[in-house]
Amino acid sequence: MNIYVGNVDFKATEDQISDLFAEYGDVTSVKIITDKLSGRSKGFAFVEMANDEEGKAAIEALNGYTLNSREMSVSVARPREENKSFNRGRDDNRGYNRRY
């Protein structure tokens, strides 16, 4: 089960988050999302747990949990949607509708 963890303290480590979730089951991976340029945490992470039931228990227990003075938001991760607004108002030829 893939779990979204929001409002993560900027100083939190992947090990801290892994240890926290490991109390509820087998943690497969933890990834704190960082800014590509600065390397600084963006304040959210994804936790992968091997078992859905354990993942649900972790979500139930840790949603609203305070880690390093920040109350985390924990939920099932939703698949990333394609950014449909990128081509808003354009047609297939990048907005050039010239007739010659």
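**Serine 41, the four-stranded sheet and its charged residues**

Serine 41 is buried, its relative accessible area being 12%, and its place in the predicted model is in strand S3. The side chain of serine 41 contributes a polar atom that lies 3.0 Å from the backbone nitrogen of glycine 43. When residues up to four places away in sequence are not counted, serine 41 touches Phe10, Ile32, Ile33 and Thr34.

The protein as a whole comprises two helices and six strands, which follow one another along the sequence in the pattern β-α-β-β-α-β-β-β. Of its 100 residues, 27% count as buried. Among the contacts in the protein with a separation of 6 or more, 59% are accounted for by residues 24 or more positions apart.

Four of the strands form an open sheet, in which the order is S2-S3-S1-S6 and the pairing is antiparallel. Strand S2 (27-34) and strand S6 (73-76) are the edge strands, each of them pairing on one side only. On average, and with direction ignored, neighbouring strands of this sheet are turned by 20° against each other. Within the sheet, S1 is joined by five bridges to strand S3 (residues 41-49), and the two run antiparallel; valine 5 stands opposite alanine 45 in S3.

Both helices are in contact with strands of this sheet. Helix H1 lies across S1, S2, S3 and S6, and runs at about 140° to S2. Helix H2 (residues 52-62) packs on the sheet, where it touches S1, S3 and S6, and its direction makes about 155° with that of S6.

The loop between strand S1 (2-6) and helix H1 (14-22) holds aspartate 9, a residue that is buried yet has no salt bridge. The nearest side chain of opposite charge is that of arginine 70, at 5.3 Å, and a salt bridge would require a side-chain nitrogen of Lys or Arg within 4 Å of a carboxyl oxygen, so the pair is not counted as one. Arginine 70 is nonetheless in contact with aspartate 9, as are Leu67, Asn68 and Ser69, once neighbours within four places in sequence are left aside. A polar atom of the aspartate 9 side chain also lies 2.8 Å from the backbone nitrogen of lysine 11.

Side chains of opposite charge can pair when their charged atoms come close. In this protein the count comes to one salt bridge, which lysine 56 forms with glutamate 53, the closest N and O atoms being 3.8 Å apart. The two residues both lie in helix H2, where three residues, or about one turn of the helix, set them apart. Glutamate 53 is exposed, because its relative accessible area of 54% is over 50%, whereas lysine 56, at 46% relative accessibility, counts as partly exposed. Aspartate 9, by contrast, is buried and has no salt bridge.

Methods:
Residues numbered from 1 in each chain as written. Predicted model: local features only at pLDDT ≥ 70, side-chain atom pairs only at ≥ 80, totals over all residues. Heavy atoms only, no water. Buried < 20%, exposed > 50% of the residue type's maximum accessible area, 1.4 Å probe, protein only. Lys, Arg positive; Asp, Glu negative; His and termini not counted. Polar contact = N/O pair within 3.5 Å; in protein donor to acceptor, adjacent residues only side chain to side chain. Contact = heavy atoms within 4.5 Å. Pairing = 2+ DSSP bridges. Axes fitted to C-alpha atoms, helices over the stretch in contact; angles between N-to-C directions.
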